[in-house]
Amino acid sequence: METLKEKTAKGLFWGGMNNGVQQLLGLAFGIILGRLLDPSDYGMTAMLAVFSVIANELQSSGFKTGLINLKSPRYEDYNAVFWFNILAGVVIYVILWFAAPLIADYYHQPKLIPLSRYVFLGFVFSSFGMAQSAYMTKQMQIKQIAKSGMTATLTSSLISVTMAALGFGYWALATQYLAYIAVNTLLLWYFSPWRPSFPRSEECGVRSENSLFSPLKKIFPFSFKIMLSAIFTQLNANVMNLLLGRYYGETNTGHYNQAYQWSSKGYLLVQNMLKQVDQTVLVGLHDERERQLQVLRKMMRFTAFIAFPLLFALAMVSHEFIVLAIGEKWAFSASLLPCLCLCGAFMPLSTLLTDAVISHQRSDIYLWSTVALGVLQIVLMVSLWRQGIYVMVIAYTLLNIGWMFVWHVFVRRLMGYRLLAFLKDIVPFALAAAGVMVVTYFLTEFIVDSLLFTDDYLKLWVLLLSRVIMATALYLIVMRVAGAVILKECLAFIKKSTVNRKL
């Protein structure tokens, strides 16, 4: 019988494996697509992102999170969520089909009408896998979820690259999105033992329909707040695309979206790894407050240990990486990337704090705090759009970093997580990572300049590789010298996993 610690460690391992492979595949295929496609192609799909994600949240209605946060969900609970998701997905798609001309008119881009109707099929496909995903997450079947995600990423990426090479432009990106959802949903069905059912024909009628959806009543008060919170979260993440697409056109939107996508690959690598286990673990420890806080703090240190060096390093090599990977045509994206990486370094920490709030069944706090952040961010971005993209990105970054401390206030009230303890858990890693990057940047700059390269691209390659190698080595040395416990635990787990596989 596995202990909670072992289940959590395995969940983190497979969550990390899943996200690591997906981000590496995203890196490789993102480079190929970046070279094959133009900024305007990315801008076209980015302008539709906000509508897709909001529709997806309406379709799921927070019921997946609601199921995960039930201590012992029944078959009827999963079944009700499954059928509701499908019904909601179809209805919302029909509404958006007729709303497509209005979306195109907002952006002054008629080509968005057929593209949006194609892209919006994604949340219809995903509606068939919501209950399956919730069931597998609740059962800590992270390995199977990882296999589904990795296979879907590889398949959809191959399809999109093939289409881009054949000249399909932004349709390649749209198809990549749809193919990922379709393949992932099919594989969730393959791995999950849970299957839905529908009332028998002789039972059909108003009464049986009420019976089918009646389990949603106990989940709805919680999940409804999660749904509204998720909508504002997605609006927060996509407000820049929404405004840039209208006022700056698809090319500038594409440049911003490219920078945002690369920064998000970094922080989602950490964030999604934790998100597959954190709520399940914290909910399971709800009656053990002291132990629950200890687990949260360990997760926080683990997150900071990885997120800060990863995102700070990406910020340091942003110019070299973007120019070498996808070309000079994306130089403007490279100038936006460092600021977005700084913001991204704090995103997994904020997400961990919000999941701690949700695990205490306080979806009301999650809702109103997210709404407040969303309203403040929208007002700020609307008031600053005339100042230019750089000012908007800086304001977006500072606001989201600052809001992390708002989330901490609520976690302190619910779990007794004091500010000093929170800072002790994250600041040492932030300072160590920042210090390492500063030393690495100036040292490599001095060394490479002294070599007097005549080939600019060779110089960029040397800078990129030397900075990545030096920063990694210095950070691990600093952690080792400082006696970081989280480093020892990570190394011990890797060693144990290697031994077990050999046996």
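## Pairs, patches and bridges in a predicted model

Q: Is L443 buried, partly exposed or exposed?
A: In this predicted model, L443 has a relative accessibility of 37%. Buried would need under 20%, and exposed would need over 50%. With its 37%, L443 therefore counts as partly exposed.

Q: Which helix holds L443, and about how much area does the nonpolar surface patch made by V439, L443, F446, I447 and L451 cover?
A: L443 is found in helix α19, which runs over residues 419-450. On the surface, L443 joins V439, F446, I447 and L451 in a nonpolar patch. So for the helix and then the area, we get α19 and about 480 Å².

Q: How many aromatic pairs turn up in the whole structure, and how are the rings of Y170 and W171 arranged?
A: Searching the whole structure gives 29 aromatic pairs. Y170 and W171 form an aromatic pair, with ring centres 5.8 Å apart and 35° between the planes. Stacked needs planes under 30 degrees apart and edge-to-face needs over 60, so that angle falls into the remaining class. The count is 29, and the Y170 and W171 arrangement is tilted.

Q: Which of Y170 and W171 counts as buried?
A: Take W171 to begin with: at 26% relative accessibility, W171 is partly exposed. Its partner has 14%, and the cut-off for buried is under 20%. The buried one is therefore Y170.

Q: What is the arrangement of the Y256 and Y260 rings?
A: The two ring centres sit 6.0 Å from each other, with 25° between the planes. Planes under 30 degrees apart go into one class, so the angle settles the matter. The Y256 and Y260 pair is stacked.

Q: How far along a helix are Y256 and Y260 separated, and are they buried or exposed?
A: Both tyrosines belong to helix α12, residues 249-275, and they are four residues apart, so the separation is about one helical turn. Y256 has 0% relative accessibility, while Y260 has 13%. To sum up, the separation is about one helical turn, and Y256 and Y260 are buried.

Q: Which side-chain contact does T253 make with a backbone oxygen, and at what distance?
A: T253 also has its place in helix α12. T253 is buried, at 0% relative accessible area. A polar atom of its side chain faces the backbone oxygen of G249, at a distance of 2.7 Å.

Q: Which residues form one aromatic cluster?
A: The cluster includes the tyrosines Y75, Y78 and Y135. The tryptophans W83, W189 and W194 belong to it too. Completing the group are F82 and F128.

Q: Which arginine lies over the face of W97, and which lysine lies over the face of W262?
A: For W97, the charged partner is 4.3 Å from the ring centre. For W262, the value is 5.5 Å. Both fit the 6 Å limit for a charge over a ring. The residues are R117 and K265.

Q: How many salt bridges does the structure hold, and how far apart are the closest N and O atoms of R74 and D77?
A: The structure holds eight salt bridges, and R74 with D77 forms one. R74 is partly exposed at 41% relative accessibility, whereas D77 is buried at 0%. The count is eight, and the R74 to D77 distance is 3.6 Å.

Q: How many residues apart in sequence are the parts tied together by E320 and R467?
A: E320 and R467 form a salt bridge, the closest N and O atoms being 2.7 Å apart. E320 lies in helix α15 (residues 318-326) and R467 lies in helix α20 (residues 456-482), so the pair ties together parts far along the chain numbering at a separation of 147 residues. E320 is buried at 6% and R467 is buried at 0%. The separation asked for is 147 residues.

Q: Which two helices does the D449 and K459 salt bridge tie together?
A: The side chains of D449 and K459 meet at 3.2 Å, N to O. D449 belongs to one helix and K459 to another, so the pair ties together parts 10 residues apart in sequence. D449, at 37%, is partly exposed, and K459, at 25%, is partly exposed. The helices are α19 and α20.

Key: Residues are numbered from 1 along each chain as its sequence is written. This is a predicted model: local features need pLDDT of at least 70, side-chain atom pairs count only at pLDDT 80 or more; totals for chains, interfaces and linings use all residues. Side-chain values use heavy atoms; hydrogens and water are left out. Rings of Phe, Tyr and Trp (its six-membered ring) pair if their centres lie within 6.5 Å; planes under 30 degrees apart count as stacked, over 60 as edge-to-face and the rest as tilted. Buried means under 20% relative accessible area, exposed over 50%, partly exposed in between (1.4 Å probe, protein chains only). A charge sits over a ring if NZ of Lys or CZ of Arg is within 6 Å of the ring centre and within 35 degrees of the ring normal. Patches are made of residues with over 30% relative accessible area and no salt bridge: like charges are joined within 9 Å, nonpolar side chains (Val, Leu, Ile, Met, Phe, Trp, Tyr) within 5 Å. Accessible areas come from the Shrake-Rupley method with a 1.4 Å probe; for residues, only the protein chains shown count as cover. A salt bridge is a side-chain nitrogen of Lys or Arg within 4 Å of a carboxyl oxygen of Asp or Glu. A polar contact is a pair of N or O atoms within 3.5 Å; within protein, one must be able to donate a hydrogen and the other to accept it, and residues adjacent in sequence count only if both atoms are side-chain atoms.
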